[in-house]
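Okay, thanks everyone for coming. I'd like to walk you through one model today, so have a look at the screen and then we'll go piece by piece.

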Amino acid sequence: GVLRHPRRDRPQPAAQAVILKRARSDNRVEGADRLALLADSLASGYTQAMVDPKPPAEDKQPPSHRKKPRTQLSDIRIEPSDQFDILKFKITKQRLLAETAKAYYRSVDDGPDLPLVVKNNWLPDDLLELSKIESLVPPLLREQRDVPAFQLPNFGPMTCVDWVRKANYELFPDQEMKLFDGYCYRLWNVETNSNTPVFTFCPSSYFPFYNTCEALVFELANWRAHNPQQRIIPSPRDLPMRGAPQELFDLTKRNAAFGLSAILIIFDKNDRSFFWLQDRTGTGTAEGQNCLQVTPSGTFQPDSYKNANSRDFSFRRAILREFAEESLGKKEVEEFATRGGDFITDSKFRPFLDAEKQDRMKMFYLGFGFDPLNTKPEMMLCITIDVRKSDPIDYKKFIAGNWEGTPFAVPWSERFLSEFAFDRKDELHPASSMCLTLALKHFKNISRIMLE
């Protein structure tokens, strides 16, 4: 969709009507609005950054990328007997839930105006190269005992994973929920005595994370749906599994898989530079449904089975694997690991390594915080690729749509960063909103480093 020329492929009204009717038939009101927004964007300046026309000039008004109306609290009541409606509520009311969770942690939060829960020394004043942060990470700990799955009244005897699979099948039988118990790295401790944090990890897998951290989202969704009053904030008594606000920092009480969210910035020829967002409209994604996200983003995990190769324990490699899954294909990357090979050795991936060696691709650490909704620890990163002098990287090929959502380009400017980070933060996943906020903070330094 978004790679087509906006003038030649302008969506027809009849086609938009079909999309909206289909979305609304699933009671995904906000999702329907977002699909209309995405259709409208085909004729907007956001997509023009990917084709011949230049992106909008700074002195012009932003494109008519339609903004969603704020959530109407009168629309969020559900009947207790509708057992699966809590999943629809979670999918369509992500921002409302995130705002409620953020308010819940206000007593332990040093960044009340930021999307994530942070402490003052978690956000460095200057750009830090990712390699510096990675050099401080101690060796992977031995496997620790996972916290047992949380049990919610809504789930009955089932775990969160089993209940979500069943609920998703009942509500969206044509879209399979993508849940896989893959090996991942669990954050065990973080020391932040300075602006260079030290992260300690232990082995775990995705289901223990989902059955504890993501279960907390359903606990909050159930409470919020039955308490729609705007000014009411839950107490620890209302959310027994979540616990008191200060328990957010106790990583022994849940299986906190580690998230990586990166803003990818392309410095292109003819002064056309832009960053990327992904519209995750699908209901099959395990986390962060029905919102915009930066790309690449995902859970910190190895590419080899059960971390069979210690080289996989690397932030840098995790990010490179995201690119490899687009260039080589997810299946091909997995086959490399099965054969004991290394996806980095594939000739199709060489342009990224060459760009990195020539300092045309750089990775920076922006900060760290906790997602207030599912309490997942998130690291915010910035990836810059300079393709002005030569273009060995066909970046349009690597940023392609997949089952998770549809990507689109946004001009790299303070104006557009501010629009998405602040004016339209309700549309973004909290970690992605935080990533854009920090990129805006370091805008001049990022641009100077790449353009000097």
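**A buried turn and what surrounds it**

Let's start with Thr-375, which is buried, with a relative accessible area of 2%. Before I go on: this is a predicted model, so keep that in mind throughout. Thr-375 sits in the loop between strand 8 and strand 9. Its backbone has a positive phi of about 65 degrees, although Thr-375 is not a glycine. The two strands on either side form a hairpin, with six residues between them.

So what about the pairing in that hairpin? Strand 8, residues 361-370, and strand 9 run antiparallel, with nine bridges. If you want one pair to find on screen, Gly-367 stands opposite Met-380 in strand 9.

While we're around strand 8, have a look at the loop ahead of it, between helix 11 (350-357) and strand 8, where you'll find Asp-359. That's another non-glycine with a positive phi, about 60 degrees here.

Now, strand 9 itself, residues 377-386. How many of its residues are buried? Ten of its ten, so to speak the full set. In a regular strand, side chains alternate between the two faces of the sheet. For strand 9, one side carries Pro-377, Met-379, Leu-381, Ile-383 and Ile-385, and the other carries Glu-378, Met-380, Cys-382, Thr-384 and Asp-386, with both faces covered. Strand 9 also pairs with strand 4, residues 259-267, and this time the two run parallel, joined by nine bridges. A pair to look for there is Ala-262 with Leu-381.

Next, the core. Nonpolar side chains in soluble globular proteins tend to be buried together. Here the largest nonpolar core has 122 residues, and Phe-199, Ile-263 and Phe-315 have the most contacts inside it. Helix 8 gives the largest share, 13 residues. Take Phe-315: leaving aside neighbours within four places in sequence, its contacts include Leu-130, Val-137, Phe-199, Phe-258, Phe-300 and Met-379. Glu-134 is one of its contacts too.

On to the helices. Two packed helices are described by the angle between their axes and the distance between the axes. The axes of helix 4 (residues 85-92) and helix 8 (residues 206-226) come within 9 Å and cross at roughly 100 degrees. Helix 4 and helix 8 are therefore roughly perpendicular. On the helix 4 side, the residues that meet helix 8 are Ile-86, Leu-87, Phe-89 and Lys-90. Sorted by class, this contact has seven nonpolar, one polar and three charged residues.

Helix 4 has another partner, helix 5, residues 94-104, and those axes come within 5 Å and cross at roughly 80 degrees. That makes helix 4 roughly perpendicular to helix 5. Phe-89, Lys-90, Ile-91 and Thr-92 in helix 4 meet Gln-94, Leu-96 and Leu-97 in helix 5. By class, that's four nonpolar, two polar and one charged.

One more backbone detail: where is the cis peptide bond that involves Pro-296? It joins Thr-295 and Pro-296, with omega about 10 degrees. Pro-296 lies in the loop between strand 6 (291-294) and strand 7 (297-299).

Last, the whole chain. There are 15 helices and ten strands, and 58% of the 452 residues count as buried. Of the contacts with a separation of 6 or more, 75% are between residues 24 or more positions apart. That's my tour, and I'm happy to go back to any part of it.

Conventions:
Residues numbered from 1 in each chain as written. Predicted model: local features only at pLDDT ≥ 70, side-chain atom pairs only at ≥ 80, totals over all residues. Heavy atoms only, no water. Axes fitted to C-alpha atoms, helices over the stretch in contact; angles between N-to-C directions. Helix = DSSP H or I, 4+ residues; strand = E, 2+ residues; numbered from the N terminus. Parallel < 35°, antiparallel > 145°, perpendicular 65-115°, else oblique. Contact = heavy atoms within 4.5 Å. Nonpolar A, V, L, I, M, F, W, Y, C, P; charged D, E, K, R; others polar. Core = buried A, V, L, I, M, F, W, Y, C linked by side-chain atoms within 4.5 Å. Buried < 20%, exposed > 50% of the residue type's maximum accessible area, 1.4 Å probe, protein only. Pairing = 2+ DSSP bridges.
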